[in-house]
Each structure stands twice: as structure tokens, then as C-alpha cells.
Amino acid sequence: MSAVYVNDPAQGAAVEAVVFDVGRVLVEWDMRLLFAKLIREPERLDWFCANVVTEEWHFQHDAGRDLAEMVAERKAEYPGHDALIDAYATRFLETIPGNVPGSHEIVRELASGGMPLFAITNFASPFWREYRASEPLFDLFGDIVVSGDEKLAKPDARIFDLAARRFGHAPGAMLFIDDNAANIAAARDLGWQVHHFQNAAALRADLGARGLLA
């Protein structure tokens, strides 16, 4: 298991705002779930998810690359898989099976206590718009920096700098929560307070130690 980086609440500055990642912190995400519906053979499914529609390839779209360009290029590279590659473009919400247990409750408790909430998410613009329309939880957030809109993706320091300017709080006065160790390290190096997310119970304990939750 990866190390959990948590600032000592006795030593850190007061937290003026809490900043969440979205995927695998607030919502579950697994691209394999979509393709398991479309590919019956386990070995072929493994190969497809490891070589054709991979998380590494998808990251290009999160970072702002045009979806139509990516899809056309991938079809040319892997002929005979057009329908499956099209499914990535048209059925992305099927890769989101539900909420991370306990996380939405934490968001609502923080909001009810008056804590300013923000998010920084690596999420492709069209997929984000589709998902956001279905999820009222984000009405509780003051602002959300979306990588696909900005054409900057975590762990690039520039997206954290942009977020700090938009959110209106100094990095050291914000607690950033993310499941990705590289993103946590980048934020920590820039002076943010951080929590490396493993599950809602550990996050709740950390927020309680910081005096942010009862």
C-alpha cells in the first residue's frame, strides 16, 4: 500500500478550504467495467484494456486532446476494433459505477459546517459535462478546475497554481485530497496541505484530527 501523506494538524496552518479530487475519491471509476459488457472472452478483454483503450491513452483526453482525433488515430492503429473504440467515446458514464462509499457524506458535512469546497479533477471536458449534469453534489463546490478545460493535468504544477489563483486561498491554507501519489507529491511540494486518500474512514479521521469534522 502506498504511504499516506498527512500533514501534522498540530503543526500545520489552519485549513481555510478543502479541495477534492473526483475520480476514485468521490466517485468510483474503472474503464474495464464498460468493456467487460462488450468483450466476452477474458483474455481478449485483458489484451484490449492493456493495449487499446488504456488509462494512459485516456489521460491524453483528460489533458485536453481532441476526442475525435484520438479515436480516429486509435482506429487506424488497431483496425477491427472500431465499435469498441467508439464505445469509449459514447458510453463513458458506464465506467463510473457509483460513489466512493462514505465520501459524499463527508462533503455534505463539511459544506453544512460552512467549509469552502473546491475540486481539481483530471477529467475530459465532454465527459465531465455529461457526468456533472447528473451529479448535484457538485452544487456544493465553489469552483472546480477541470483538466480538459484548462489543457493542464495533474501532477503538472501549473494546474495547482491555476487552482490556487481561482480558489482565492494560499496553498498552505488549503487541504488537497487525492488518491494518486504523484498528485499528492506535486501538491505537497507546492506547499499545499495534503491527504493521500485511501478510504473515507481514514479521511474522516484526518479531518477530525484537524478539527474540520466533529
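Start by selecting Tyr88: its relative accessible area is 1%, so Tyr88 is buried (under 20% relative accessible area; exposed is over 50% and partly exposed in between, with a 1.4 Å probe and protein chains only). Please keep in mind that this is a predicted model, where local features need pLDDT of at least 70, side-chain atom pairs count only at pLDDT 80 or more, and totals for chains, interfaces and linings use all residues. Residues are numbered from 1 along each chain as its sequence is written, and side-chain values use heavy atoms, leaving out hydrogens and water.

Now add Phe92, which is buried as well, with a relative accessible area of 3%.

Next, color the aromatic rings. The whole structure holds 19 aromatic pairs (ring centres of Phe, Tyr and Trp, the last by its six-membered ring, within 6.5 Å; planes under 30 degrees apart are stacked, over 60 edge-to-face, the rest tilted). Pick Trp47 and Tyr78: their ring centres are 6.0 Å apart and their planes stand at 75 degrees, so this pair is edge-to-face. Trp47 sits in helix α2 (residues 42–51) and Tyr78 in the loop between α4 and α5 (82–90), so the pair ties together parts 31 residues apart in sequence. Helices here are DSSP runs (H or I, at least four residues) and strands likewise (E, at least two), numbered from the N terminus. Trp47 is partly exposed at 36% relative accessibility, whereas Tyr78 is buried at 18%.

Return to Tyr88 and Phe92: with ring centres 6.3 Å apart and planes at 90 degrees, they are an edge-to-face pair. To see their company, select the aromatic cluster they belong to, which includes Phe20, Trp29, Trp57 and Phe123.

Trp57 leads on to a helix pair. Show α3 (residues 55–62) and α4 (residues 67–77), whose axes come within 9 Å and cross at roughly 150 degrees (axes are lines fitted to C-alpha atoms, for helices over the stretch in contact, with angles from 0 to 180 degrees between N-to-C directions). That makes α3 roughly antiparallel to α4 (over 145 degrees; under 35 is roughly parallel, 65 to 115 roughly perpendicular, the rest oblique). Which residues of α3 meet α4? Trp57, Gln60 and His61 do, touching Leu67, Met70, Val71 and Arg74 (contact: heavy atoms within 4.5 Å).

Last stop: helix α9 (residues 157–167), where Ile159, Phe160, Leu162, Ala163, Ala164 and Phe167 are buried. Show β1 (17–20), β2 (117–121) and α10 (181–189), which are among the elements covering them. Just after α9, click Gly168, whose phi is positive, near 80 degrees.
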